[in-house]
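Please open the structure in the viewer and keep the selection panel at hand. The tour proceeds by selections, each followed by a description of what is found there.

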Amino acid sequence: MLNRHKSLIARVLAEGTGAAITVKPFVAGGRQGLKMWFDDLDEKHGPIAELKPYGLLTHRVKLTFGLFSSRVIAQIAAAQVEELVVARALVRSVATVSELTISGQALDSWSVTDGSFEVIADYRHQNLVPDSDEAVVITCSEIIVPLMAAMAELIGYDQVENPADSNIPEVEGGLSQATVSRRERNPRSRLLCLRIHGNICKACGLDPARVYGEAGGIIEVHHLEPVSMLEKPRPYDPEIDLVPLCPSCHRAVHTRRPWPLSPSELSSILESLRA
Ligand SMILES: [Zn+2]
Ligand SMILES: [Zn+2]
């Protein structure tokens, strides 16, 4: 039965993580579950997420590493601070909707150091039986996509460049244009930004899913201000540095340089024109 939703789940996973992921339904004890892993690492050489019904209303999601993951774990140990910040923020966003434990480590300071690393998230459904396809699809997008995105960020999957949107807004000053546009185009940053702020334009309030339905995945991520241009430099924080904007508003805020318009400045302009 889940086979019908396999391609939908795989698409949501690919969009959120920026990596190709294999989705494999299985049945254990008469109940259906799902296993997922990165295509290029298979189920032995990298992280695996497993989803199973747990009791009457809950899904238990377990993220573990395959037996032969030492190479990818060494790669993860070499991740940049900024990647670790994004990965931890993604896992924190999962902890806000589920009961989450990370193999004896704290939510704000965990790291992957060996193959015993394990994340367990229990996600309780309100009105759905966990054996239903609908519940499985929800658990995937609420829990598994951000967990696998955190792993993808640490492993360092490169985002696929889309030549069609090569007109990167220009930013000058302390942070290089490349750094800002990399943050704005990183699928994991985008996922994190949407999980924190919702899928709505912060300047004009456009909710693309309501206007365009299934074709509504058009919200873009905007990096508010080049951090190193701030009077008091502070570390990059994806939770306050990134906001969702619709494509039109995103283009509009970048018409001012080197400092883009803030979303609230653009809102005031929109309001004054409406008046
Ligand atoms: Zn907008
Ligand atoms: Zn921007």
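The stops below cover two metal sites, a pocket and two loop residues.

**The model**

The coordinates belong to a predicted model.

**First stop: the zinc ion (ligand 1)**

Select the zinc ion (ligand 1) together with Cys201, Cys204, Cys246 and Cys249. The SG atoms of these four cysteines are the protein donors, and they lie 2.3 Å from the ion. The angles subtended by the four donor atoms run from 102 to 114 degrees, which makes the arrangement tetrahedral. Along the chain, the donor residues of this ion follow the spacing C-x2-C-x41-C-x2-C. Cys201 sits in the loop between helix H6 (187-197) and helix H7 (208-212), while Cys249 belongs to helix H9 (residues 247-253), so this pair ties together parts that are 48 residues apart in sequence.

Colouring by relative accessibility is useful at this stop. Are Cys201 and Cys249 buried or exposed? Cys201 has 3% relative accessibility and therefore counts as buried, the cut-off being under 20%. Cys249, at 7%, is likewise counted as buried.

**Second stop: the zinc ion (ligand 2)**

Next select the zinc ion (ligand 2) with Glu184, His222, His250 and His254. Coordination is through OE of Glu184, ND1 of His222, and NE2 of both His250 and His254, at 2.0 to 2.2 Å. The site is tetrahedral, with angles of 93 to 129 degrees among its four donor atoms. In sequence, the donors are spaced E-x37-H-x27-H-x3-H. Glu184 in helix H5 and His250 in helix H9 link distant parts of the chain, being 66 residues apart. Glu184 is buried, with a relative accessible area of 10%, and His250 also counts as buried, at 5% relative accessibility.

**Third stop: the second largest pocket**

Now display the second largest pocket, which holds about 270 Å³ of space. Which residues should be selected to find its centre? Glu82, Glu83, Glu153, Arg182 and Asn186 lie nearest the centre, among the 16 residues of the lining. By class, that lining has seven charged, five polar and four nonpolar residues.

To see which elements form the lining, select helix H3 (81-95), helix H5 (177-185) and H6, each of which supplies at least two residues. H3 gives the largest share, four residues. Colouring by domain adds a further view: domain 1 (3-155) and domain 2 (170-274) each contribute at least three residues to the lining of this pocket.

**Fourth stop: Gly156**

Select Gly156, which is placed in the loop between helix H4 (133-155) and H5. Gly156 is partly exposed, with a relative accessible area of 34%. Then add Gly29 and show the C-alpha to C-alpha distance: Gly156 and Gly29 are 36 Å apart in space and 127 residues apart in sequence.

**Last stop: Asp42**

Finally, select Asp42 in the loop between strand S2 (31-38) and strand S3 (47-54). What is the phi of Asp42? Its value is positive, about 50 degrees, although Asp42 is not a glycine. At 28% relative accessibility, Asp42 counts as partly exposed.

Key. Residues numbered from 1 in each chain as written. Chains lettered and ligands numbered in written order. Predicted model: local features only at pLDDT ≥ 70, side-chain atom pairs only at ≥ 80, totals over all residues. Heavy atoms only, no water. Donors = N, O, S within 2.8 Å, 3.2 Å for Na, K, Ca; no water. Tetrahedral: all angles 85-135°; square planar, octahedral: opposite > 155°, others 65-115°. Buried < 20%, exposed > 50% of the residue type's maximum accessible area, 1.4 Å probe, protein only. 1 Å grid on protein atoms, 1.4 Å probe; cavity = no way out; pocket = protein on both sides within 12 Å on 5 of 7 lines; lining within 4 Å. Points joined across faces, edges and corners; volume = space filled by probe spheres on them. Nonpolar A, V, L, I, M, F, W, Y, C, P; charged D, E, K, R; others polar. Domains from an automatic or database assignment.
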